[in-house]
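I opened this notebook to keep track of what I looked up, one place at a time. What would a first reading of the model turn up?

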Amino acid sequence: MQALRSRCEKSAKKASPVSAVSDRLPVFPWDKLEPYKATAAAHPGGIVDLSVGTPVDPVPDVVQKALVAAADSPGYPTVWGTPALRDAIAGWAERRLGARGAGHRNVLPVVGSKELVAWLPTQLGLGPGDLVGVPRLAYPTYEVGARLARAEHAVYDDPVTDLDPAALKLLWLNSPSNPTGRVLAKDELARIVAWAREHDVLVFSDECYLELGWEAEPVSVLDPEVCGGSYEGIVAVHSLSKRSNLAGYRAAFVVGDEAVLGDLLQIRKHGGMMTPAPVQAATVAALGDDTHVAEQRERYAARRASLREALLRHGFRIEHSEASLYLWATRGESCWSTVAHLAELGILVAPGDFYGEAGHEYVRVALTATDERVAAAVQRL
């Protein structure tokens, strides 16, 4: 009996699998915003949610029709996607990114870009002792991906000067940036790519906001003047969530080095990471239609102009924000004080420290609210 009791006590002291996961991952940041969301929701005029950045406008009709037409899809889809999907991705990449000569081996659909970001280090086989480079202000999932693989991560302002290439295996670029909206110039991208190739560092460039440039024209890492016409060691990540209002479809893809994508394809086959067949058909339609993209840009441009002017009048300073779906704003105080102030006005925004310590005096203001809700926010400000 004593021996049994001893074994039970030892077992109780062991960490459960759940606690082991929580030990290596940060607290999910959006949970911290719940009390402020409750305050904003209590406003007599209702909440204006400018925090998460989820699309609110209709899915384009051409996309909905393609999805419905493909609804009778009883068989398993392929991880690589249909030939029509690969054609659509490669054609769009050449037309929009300048990715000359991109073929089927240079493209791979993924089940939403966040899934790819979170699991990429694991799928690349990274682990303890391997380093992932992340922008100092960045989408939190870059860090989460490194942690899931039990790899290390390091933040940078300039990867060429700030990171040790000896341990660096994966470098994340993000232009236009989430959260700041900063756009990396063509010569800066070319300098980073050349340095990464010199040190055999794999570059993944998150370009999900590339079609939403306002005061600058974003450039892809696949532009010939950046990559020299070769995709060796570089991959661009793209999503239809924002440019086509398809966040609910989980439609995204990567374009670049065929050796890297070939390995990922094999790994993802084993993992069953398949984009649903109706979503594949919808993606083909979305990539083949530029009209809805232009119309959505106009909506966001009008909302951006209204919110920007209102924030400036209210005493904010806007930094960067030359592209993407956000305004990076500050009043020179703690981001949480700003979040609380705006919540009292019924406006919910994202605190800058969600994206790194350097954002502690900033808030991210999303443009993804209806015209009516944006007008309400402007009136309150």
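**The sheet and a helix across it**

I began with helix H6 (residues 113-123), which lies across E2, strand E5 (168-174), E6, E7 and strand E8 (252-256), and which runs at about 160 degrees to E5. I keep in mind throughout that this is a predicted model.

I then looked up the sheet, which is open, has seven strands with mixed pairing, and follows the order E2-E8-E7-E6-E5-E3-E4. Strand E2 (107-110) and E4 stand at the edges with a single partner strand each, so one side of each has no neighbour in the sheet. On average, and with direction ignored, neighbouring strands of this sheet are turned by 20 degrees against each other.

**Pairs of strands**

I noted as background that strands of a sheet pair through backbone hydrogen bonds, either parallel or antiparallel. E3 and strand E4 (residues 152-156) pair in the parallel sense over five bridges, and there I found Val-132 opposite His-153 in E4. Strand E6 (residues 202-206) and strand E7 (residues 234-239) also run parallel and are joined by four bridges, with Asp-206 having Val-237 in E7 as its bridge partner.

Which residues point each way from E3? I found Leu-131, Gly-133 and Pro-135 pointing one way and Val-132 and Val-134 the other way, and all are buried. This agrees with the entry for strand E3 (residues 131-135) as mostly covered, with five of its five residues buried.

**Two packed helices**

I turned next to helix H4 (residues 61-69) and helix H12 (residues 277-287), which pack at an angle of about 150 degrees with their axes 8 Å apart. Angles over 145 degrees count as roughly antiparallel, and H4 and H12 are therefore roughly antiparallel to each other. H4 passes H12 in a right-handed crossing. From H4 the contact takes in Val-62, Val-63, Ala-66 and Leu-67, and from H12 it takes in Pro-278, Val-279, Ala-281, Ala-282, Ala-285 and Ala-286. By class, I recorded ten nonpolar residues in the contact of H4 with H12, with no polar and no charged ones.

**Two single residues**

Is Arg-304 buried or exposed? Arg-304 lies in helix H13 (residues 291-313), and I count it as buried because its relative accessibility is 8%. Leaving out residues up to four places away in sequence, Arg-304 touches Trp-214, Glu-215, Ser-321, Glu-322, Leu-327 and Leu-367.

Leu-345 sits in the loop between helix H14 (335-344) and strand E11 (347-348). With residues up to four places away in sequence again not counted, Leu-345 touches His-43, His-314, Arg-380 and Leu-381. I also noted that Leu-345 and Val-48 are 297 residues apart in sequence but 9.0 Å apart in space, C-alpha to C-alpha.

**Backbone entries**

I wrote down first that most residues other than glycine have a negative phi, and most peptide bonds are trans. The peptide bond from Ser-175 to Pro-176 is cis, with omega near -5 degrees, and Pro-176 is found in the loop between E5 and helix H9 (186-198).

Arg-250, in the loop between E7 and E8, has a positive phi of about 55 degrees although it is not a glycine, and Arg-250 is partly exposed, with a relative accessible area of 31%. His-320, in the loop between strand E9 (317-319) and strand E10 (326-330), has a positive phi of about 50 degrees and is not a glycine either. I entered His-320 as partly exposed, because its relative accessible area is 42%.

Note on methods
Residues are numbered from 1 along each chain as its sequence is written. This is a predicted model: local features need pLDDT of at least 70, side-chain atom pairs count only at pLDDT 80 or more; totals for chains, interfaces and linings use all residues. Side-chain values use heavy atoms; hydrogens and water are left out. Axes are lines fitted to C-alpha atoms, for helices over the stretch in contact, and angles run from 0 to 180 degrees between N-to-C directions. Angles under 35 degrees count as roughly parallel, over 145 as roughly antiparallel, 65 to 115 as roughly perpendicular and the rest as oblique. A crossing is left-handed if the near helix is turned anticlockwise from the far one by less than a right angle, and right-handed if clockwise. Contact means heavy atoms within 4.5 Å. Ala, Val, Leu, Ile, Met, Phe, Trp, Tyr, Cys and Pro count as nonpolar, Asp, Glu, Lys and Arg as charged, and the others, Gly among them, as polar. Buried means under 20% relative accessible area, exposed over 50%, partly exposed in between (1.4 Å probe, protein chains only). Two strands pair if DSSP finds at least two bridges between them.
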